Amino acid sequence: MVVWRSAGVSWQGGRPALRWEGRGGRVSALGYGRDLAFRALGARHCSGARGNPCPLAAVVPGRATGGRCADCARLDRAHSVAADTIADDPRTYRVYLAWFGPGMVKVGITGEERGDARLLEQGAVAFSWLGRGPLMAARRTEEVLRHALGVPDRIPYARKRAARYVLPPAAERAREVEELYARAGGVPAWNETLQALPCEVHDHAEAFALAELAELAAPAALAKGAPGTAPYGLVVTELVDGGVVAGRLLAAAGPDLHLLDRDGRAVVLDTRLLTGWELAAAPAGHPVTVPVTAAPPPAAESQGSPQDPLF
């Protein structure tokens with residue numbers, strides 16, 4: 001039996017793929033409409049930090065999306081841009097405005113050489129660049145605009161997931177980004193240290209295949225859904241030894257895979273839960289046997305080389 005260890009989802013060329021640890025950078029492309037099926041084995045171990053294994057091979061909780069023990073998590077964050085510990089980084093950074101759903105917008109930064117990969121990794125449905133320049137200038141602009149515009153620096157994944165099923169048309173998504181861009185332009189001084197970029201809204205709905213989720217949430221689809229089906233899907237809460245995740249891949253956004261299981265139920269898998277587990281192929285059409293919970297409806301949320309192993 002061939003066993004693999006997942007390193008999570010990456011977005012390459014605007015398409016999702018699963019990365020694997022210890023496989024020379026090997027990835028498995030994730031194709032919409034294809035079956036995905038795997039079984040978790042043993043216990044979940046810390047995935048280490050900065051490309052190095054955990055010296056203690058510590059066991060970590062199944063529900064933790066970080067997948068690291070406390071010591072490795074601290075080490076990994078200590079060398080991240082988000083922790084503001086790399087003030088002399090010579091690379092060019094971009095400030096962006098990201099839209100995840102009605103009323104769910106944020107300001108963030110990413111390395112210019114990464115293009116829109118960071119936006120895909122976060123599950124941003126639409127976005128526009130705002131400016132470009134040195135890291136600390138970009139970081140200052142992010143903080144100034146976050147407070148001036150009253151927007152957060154992060155949005156909970158549960159809210160993002162719920163919004164994907166009932167998105168407004170692309171023109172409305174673009175309009176909300178454009179309005180935020182206009183408000184940002186009225187905040188004084190930030191563009192003195194950054195090169196301002198024109199408003200140009202990019203939309204990821206097609207890359208994420210979100211039309212499939214809209215069809216699931218349509219009234220006709222809900223009316224004839226499988227008995228016991230949660231209208232807006234089930235969410236995998238953790239993997240367990242011997243537990244199986246299986247289904248047809250409908251959509252992907254950020255780290256989330258949206259599957260349709262053999263009983264016609266929508267199941268969301270946050271692939272951050274995969275890190276640290278040994279995974280082996282399972283038969284296509286196998287029932288989902290890991291713990292799941294019903295996802296809240298959007299309205300409630302808005303208020304608050306071997307062969308590819310898994311196909």
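# Burial, rings and helix packing

User: At 45% relative accessibility, what does Ala57 count as?

Analyst: Relative accessibility for Ala57 is 45%. Under 20% relative accessible area is buried, over 50% is exposed, and anything in between is partly exposed (1.4 Å probe, protein chains only). Ala57 therefore counts as partly exposed.

User: What kind of model are we looking at?

Analyst: Residues are numbered from 1 along each chain as its sequence is written, and side-chain values use heavy atoms, leaving out hydrogens and water. Local features need pLDDT of at least 70 and side-chain atom pairs count only at pLDDT 80 or more, while totals for chains, interfaces and linings use all residues, and the reason for these limits is that this is a predicted model.

User: Where in the chain is Ala57?

Analyst: Its phi is near 45°, and that's a positive value in a residue other than glycine. Helices (H or I, at least four residues) and strands (E, at least two) are DSSP runs, numbered from the N terminus. Ala57 sits outside those runs, in the loop between β4 (35-41) and α1 (70-78).

User: Ala209 has a positive phi too; is Ala209 buried or exposed?

Analyst: Phi of Ala209 is near 60°, again positive in a residue other than glycine. You'll find Ala209 in the loop between α6 and α7 (211-217). Its relative accessible area is 14%, so Ala209 is buried.

User: Zooming out, what share of the residues of the chain count as buried?

Analyst: The chain holds nine helices and 15 strands. About 14,300 Å² of the chain is exposed, with 53% of it supplied by carbon and sulfur atoms (areas come from the Shrake-Rupley method with a 1.4 Å probe; for residues, only the protein chains shown count as cover). Out of 311 residues, the share counting as buried is 47%.

User: How do the rings of Trp4 and Trp20 pair up?

Analyst: There are three aromatic pairs in the structure. Rings of Phe, Tyr and Trp (its six-membered ring) pair if their centres lie within 6.5 Å, with planes under 30 degrees apart called stacked, over 60 edge-to-face and the rest tilted. For Trp4 and Trp20, the centres are 5.1 Å apart and the planes are at 65°, so the pair is edge-to-face.

User: How many residues apart are Trp4 and Trp20?

Analyst: Trp4 belongs to strand β1 (residues 4-12) and Trp20 to strand β2 (residues 15-20). Trp4 is buried at 2% relative accessible area, and Trp20 is buried too at 4%. The pair links distant parts of the chain, and the separation is 16 residues.

User: Which residue forms an aromatic pair with Trp11?

Analyst: This pair is edge-to-face, 5.3 Å centre to centre with 70° between the planes. Trp11 lies in strand β1 and its partner in helix α6 (residues 205-208), 197 residues away. Trp11 is buried with a relative accessible area of 7%, while the partner is buried at 0%. That partner is Phe208.

User: Which residue has its charged end over the ring of Tyr157?

Analyst: A charge sits over a ring if NZ of Lys or CZ of Arg is within 6 Å of the ring centre and within 35 degrees of the ring normal. One such case is Arg94 over the ring of Trp129, 5.1 Å from its centre. Over Tyr157, 4.0 Å from the ring centre, sits the charged end of Arg272.

User: How are α3 and α5 oriented to each other?

Analyst: Axes are lines fitted to C-alpha atoms, for helices over the stretch in contact, and angles run from 0 to 180 degrees between N-to-C directions. Helix α3 (residues 135-149) and helix α5 (residues 170-185) pack at about 110°, axes 10 Å apart. Under 35 degrees is roughly parallel, over 145 roughly antiparallel, 65 to 115 roughly perpendicular and the rest oblique. So α3 and α5 are roughly perpendicular.

User: Which residues does Ala148 touch, not counting residues up to four places away in sequence?

Analyst: Ala148 lies in helix α3 and is partly exposed at 45% relative accessible area. Contact means heavy atoms within 4.5 Å. Setting aside residues up to four places away in sequence, Ala148 touches Arg183 and Val187.

User: How far apart in space are Lys106 and Pro152, C-alpha to C-alpha?

Analyst: Lys106 is in strand β6 (residues 104-111) and counts as buried at 6% relative accessibility. Beyond four places in sequence, its contacts include Tyr96, Gln122 and Pro152. Lys106 and Pro152 are 46 residues apart in sequence, but their C-alpha distance is 5.5 Å.
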